[in-house]
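Got the viewer open? Let's take a walk through it, one selection at a time.

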Amino acid sequence: MNDSHKGAASPLAPEWLAVPEDLNALTPSMWAEDVFRTSAGQLTIDGISVAELKEQFGTPLFVMSEADFRTRARGFKDAFDDAFADICGGVDVYYAGKSFLCTAVATWVAEEGLRLDTCSGGELAVAARAGIAGAHLGLHGNNKSDAEIRRALDMQVGRIVVDSLDELDRVAKIASGRGETAKVMLRLTPGVHAHTHEFIATAHEDQKFGLSMAGDTTDEAGLSAAEEAVAAATAYHSIELLGLHCHIGSQIFEPDGFALAAEKLLTFLDAMQRKYSIVLPELDLGGGYGIAYTPVDTPRPPAEIAQAMAAVVRSTCAKLGIDSPRISIEPGRAIVGSTTFTLYEVGTLKTVRVDTPAPADAGDADDNVTYPRRYVSVDGGMSDNARPVLYDADYSAVVASRASAAAPQLSRVVGKHCESGDIVVRDVYLPEDVAAGDLLAVPGTGAYCWALSSNYNYLARPGVVAVRDGSARLIVRGETEEDLLNRDMGV
Ligand code: LLP
């Protein structure tokens, strides 16, 4: 047994996880702009302490900074507008509602000059409730129902992003039946797949989304699915083909993948314009911009990515001798992810001892040694953050209700579900004196956490609080036991 490693890295920790010099410090890239630890030790957001939030709203709770959301939304819009000003007069930024959407957020999006990307009838309903102009909405989805297509036409959405040849047919027929013209973009799969620091380029597409640009997914005439769709869309009187779309992945840090996709789509767009004597005035390069979940994540500022993408669009258009289409993008996570932390209360604690090979520099290297891992249970879990279970996603956490001078201890933050994989933060150093009743804050939970939340084990889904100008208000109320029983029809 060896417990003498307090303050030193635990051999059980992943290589990327350093022992923090100060467990009370907040890594700025991971938190909203107005989250601080006061001199008294408590975390505050725009001046409101986590104890007050707990008192008023309970835990678990999603705590969001409205100012930070607005700063990031405007930041994307300004950065891309600047970088593309001389290319296409600016960029339309569609906030990807799937990352997190409610009426308040949809309203902020519109107020900051962004548009809204939706992907279901439900998301369209939120947009309608927020009074977003149809012209500023997009509708995605690989399997839109006829009802969703009709709803989009009712709301006069600015673009239906068509995902397949099948769907193109259905949209054309529904629009034609109503004597209307549907504004359509085609979602193409350019064979560029990006994740964090890497991207891969493949000729073939083996996934449910989009129209393949690969030459050998052909019809009899030897056309790719993408070209077939352009040809069909051009022939339909009830379709106005606005342009092309692609989305290459998520949590991407490097601009290379976006740039390659832009080059491929522009080249294809030029070929289609010439071959079919059409003008495709719009090109959407999707979302996927990464954020910092842990101290080692180092996303680039939007301006840097925007400039790298603009350089490729500029040079590709020059090479092809065409004017650039109007560019649009669809960031979700990079706008909302870091605006929010989840506040939990600590409950049960336990420490297990894990056998692991001795580090090379520790005397007899053949021996196994035993190191402690502390399990810190919180009052939520995989029902409010499914990402660690679904994607092996890493998060971080701090004790939020007080500062601590205790030594760091390798910890695993786990939820309260009946599932051993119910992990919130796989590896994090927390102070040794963490105790039941402490509040824990997990940053970076604004995107795809509430959105993916569930009622597993009949847990009520947490509410979302927005903090602004020193006051906190619920923008989504938490569920009650009554909500949970409401849909149960009884005997
Ligand atoms: N546009 C399209 C067509 C998309 O499919 C997505 C995300 C976005 C935009 C926004 O991507 P973002 O900028 O937020 O990365 N649940 C996963 C992510 C799924 C993303 C699905 N599509 C996660 O939590 O990592």
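Color domain 1 (3-66 + 338-486) and domain 2 (90-331) separately, then show the ligand: both domains give residues to the shell around the ligand, so the ligand lies between them. Keep in mind that this is a predicted model.

Next, bring up the pocket. The ligand sits in the largest one. Its shell holds 18 residues, and G288, E330, R387, Y391 and Y448 come nearest. Try coloring that shell by type: you'll get 5 nonpolar, 7 polar and 6 charged residues.

Now for some distances. Which side chains put a polar atom by the ligand? Start with E330, where a side-chain N or O atom is 2.6 Å from a nitrogen atom of the ligand. Then pick R387: a polar atom of its side chain lies 2.6 Å from a ligand oxygen. Finish with Y391, whose side chain has an N or O atom 2.7 Å from a ligand nitrogen. Switch on a surface here, and note that the protein covers 87% of the 590 Å² of accessible area that the ligand has on its own.

Last stop: the enclosed space. How many cavities of 30 Å³ or more does a search of the whole structure find? Just 1. The largest cavity has about 40 Å³ of space. To frame that cavity, select F62, M64, F100, T340, T445, G446, W450 and V464, which line it. Reuse the coloring by type on this lining, and it splits into 5 nonpolar and 3 polar residues, with no charged ones.

Conventions
Residues are numbered from 1 along each chain as its sequence is written. This is a predicted model: local features need pLDDT of at least 70, side-chain atom pairs count only at pLDDT 80 or more; totals for chains, interfaces and linings use all residues. Side-chain values use heavy atoms; hydrogens and water are left out. A residue is near a molecule or strand if one of its heavy atoms lies within 4 Å of it. A polar contact is a pair of N or O atoms within 3.5 Å; within protein, one must be able to donate a hydrogen and the other to accept it, and residues adjacent in sequence count only if both atoms are side-chain atoms. Accessible areas come from the Shrake-Rupley method with a 1.4 Å probe; for residues, only the protein chains shown count as cover. On a 1 Å grid over the protein atoms alone, a cavity is a set of points where a 1.4 Å probe fits but cannot get out, and a pocket is an open set with protein on both sides within 12 Å along at least five of seven lines; lining residues have an atom within 4 Å of a point. A molecule sits in a cavity or pocket if more than half of its atoms lie within 2 Å of its grid points. Ala, Val, Leu, Ile, Met, Phe, Trp, Tyr, Cys and Pro count as nonpolar, Asp, Glu, Lys and Arg as charged, and the others, Gly among them, as polar. Domain bounds come from an automatic or database domain assignment. Grid points are joined across faces, edges and corners, and a volume is the space filled by probe spheres set on the points.
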